[in-house]
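Me: I have a model open on my screen and would like a close look at one part of it, the sheet and the helix that packs against it. Could you walk me through that region in one go?

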Amino acid sequence: ESIDLGEIMFSLCYLPTAGRMTLTVIKCRNLKAMDITGASDPYVKVSLMCEGRRLKKRKTTTKKNTLNPVYNEAIIFDIPPENVDQVSLSIAVMDYDRVGHNEVIGVCRTGIDAEGLGRDHWNEMLAYPRKPITHWHPLVEVRSSTVFSSSVYCMLGVVFSLPFMCF
């Protein structure tokens with residue numbers, strides 16, 4: 001039985017001639033309360049993924065003390081047409097905490113390796129270029145195998161970064 005973590009509404013729009021994809025985070029509703037006040041301080045973190053590696057990440061502003069934030073913020077990624085079928089987007093709704101670390105409220109995924117609505121939304125974006133396609137997506141719990149954390153990758157005390165491009 002899954003926990004109701006809330007939903008996120010976003011639109012996807014792809015411009016093949018410019019090789020540009022715009023994800024507009026519109027709003028969330030019924031988010032899970034993460035603070036003792038019974039609310040959360042949510043923001044949305046979007047990661048461009050390729051073959052399990054994060055290429056780029058962007059985030060929205062933080063909306064204070066709400067479970068129904070409104071963003072209307074556009075996040076743009078440059079994705080050449082020849083690579084659009086190799087990438088996906090990991091979308092994490094996070095709770096900002098001034099003390100301690102930020103917590104994941106819930107996640108969803110859209111793109112080539114997404115399932116269900118996430119895959120359908122991506123395919124609809126590709127079928128109707130230059131047109132924003134908007135859907136609500138339910139948030140699910142983060143799976144440990146998916147990279148959503150903002151922690152630095154460290155091995156034997158040597159910090160390294162993931163490859164910038166996989167195209």
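To set the scene, what percentage of the 167 residues of the chain count as buried? After that, please take me into the sheet itself.

Reply: Happy to! Keep in mind that this is a predicted model. Of the chain's 167 residues, 41% count as buried. The chain holds 1 helix and 10 strands, and from the N terminus on the elements run β-β-β-β-β-β-β-α-β-β-β. If you take the contacts between residues at least 6 apart in sequence, 65% join residues at least 24 apart.

Now to the part you asked about. Four strands form an open sheet in the order 5-2-1-8, and their pairing is antiparallel. Strand 5 and strand 8 (133–138) are at the edges with a single partner strand each, so one side of each has no neighbour in the sheet. On average, neighbouring strands here are turned by 25 degrees against each other, direction ignored. Helix 1 packs on this sheet and touches strand 1, strand 2 and strand 8; the direction of helix 1 makes about 175 degrees with that of strand 8.

As general background, strands of a sheet pair through backbone hydrogen bonds, in either a parallel or an antiparallel sense. Strand 2 and strand 5 make a good example to zoom in on: they pair in the antiparallel sense over 7 bridges. Within that pairing, Thr22 has Ile76 of strand 5 as its bridge partner.

Next, look at the nonpolar side chains. The largest nonpolar core has 29 residues, and those with the most contacts inside it are Ile8, Met21, Leu23, Leu89 and Ile91. Among the elements that each supply at least two residues of this core are strand 1 (7–15), strand 2 (20–29), strand 5 (70–78) and helix 1 (117–127). Strand 3 (42–50), strand 6 (87–95) and strand 7 (103–111) each do so as well.

Met21 is a handy residue to click on. Setting aside its neighbours within four places in sequence, Met21 is in contact with Leu12, Cys13 and Tyr14, with Ile75, Ile76, Phe77 and Ile79, and with Leu89, Trp122 and Met125.

Finally, a word about the rings. Searching the whole structure turns up 0 aromatic pairs, but two charged side chains do sit over rings. Arg29 lies over the face of Trp136, 3.7 Å from the ring centre. Lys131 has its charged end over the ring of Tyr128, at 5.7 Å from the centre of that ring.

Key: Residues are numbered from 1 along each chain as its sequence is written. This is a predicted model: local features need pLDDT of at least 70, side-chain atom pairs count only at pLDDT 80 or more; totals for chains, interfaces and linings use all residues. Side-chain values use heavy atoms; hydrogens and water are left out. A nonpolar core is a set of buried Ala, Val, Leu, Ile, Met, Phe, Trp, Tyr and Cys residues joined through side-chain atoms within 4.5 Å. Buried means under 20% relative accessible area, exposed over 50%, partly exposed in between (1.4 Å probe, protein chains only). Contact means heavy atoms within 4.5 Å. Two strands pair if DSSP finds at least two bridges between them. Axes are lines fitted to C-alpha atoms, for helices over the stretch in contact, and angles run from 0 to 180 degrees between N-to-C directions. Rings of Phe, Tyr and Trp (its six-membered ring) pair if their centres lie within 6.5 Å; planes under 30 degrees apart count as stacked, over 60 as edge-to-face and the rest as tilted. A charge sits over a ring if NZ of Lys or CZ of Arg is within 6 Å of the ring centre and within 35 degrees of the ring normal.
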